[in-house]
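Reader: I am in my first year and would like a close look at a single part of this model. Please take one helix and go through what lies on its surface.

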Amino acid sequence: SRALGVYVTELCVEITTQAFRYGGGGALFQPNILEQLLRDSHAAAQHIFASDTAYEEYGKAILGQE
């Protein structure tokens, strides 16, 4: 479901953010994979599919509301 996609995207952002923080100063520069993963996960979180409205729509569907 879309709500699951939002949740997984949020988890990815949290995980990559922590990995980036623990990666030290070298993680700031390309071609460090942590830099790319952080940038890509945050970009995915900006997508309309991953917006918080997905949770609202899911809740409405469970409650039988439109």
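Author: Valine 8 is a good place to start, and this residue lies in helix H1. Helices here are DSSP runs of H or I with at least four residues, numbered from the N terminus. The model is predicted, so local features need pLDDT of at least 70 and side-chain atom pairs count only at pLDDT 80 or more, while totals for chains, interfaces and linings use all residues. Residues are numbered from 1 along each chain as its sequence is written, and side-chain values use heavy atoms, with hydrogens and water left out.

Valine 8 counts as partly exposed because its relative accessibility is 40% (buried is under 20%, exposed over 50%, partly exposed in between, with a 1.4 Å probe and protein chains only). Together with Leu4, Tyr7, Leu11, Ile15 and Tyr55, Val8 makes a nonpolar surface patch of about 540 Å². Patch residues have over 30% relative accessible area and no salt bridge (a side-chain nitrogen of Lys or Arg within 4 Å of a carboxyl oxygen of Asp or Glu); nonpolar side chains (Val, Leu, Ile, Met, Phe, Trp, Tyr) are joined within 5 Å, like charges within 9 Å. Helix H1, residues 2–22, gives the most to the nonpolar patch, with 5 residues.

Glutamine 18 also lies in helix H1, and is partly exposed, with a relative accessible area of 33%. From glutamine 18 to valine 8 there are 10 residues in sequence and 15 Å in space, C-alpha to C-alpha.

The pLDDT, the predictor's confidence in each residue from 0 to 100, has a mean of 89 over the protein chain.

Terms used: Areas by Shrake-Rupley, 256 points an atom, 1.4 Å probe, with all protein chains shown as cover. Helix = DSSP H or I, 4+ residues; strand = E, 2+ residues; numbered from the N terminus.
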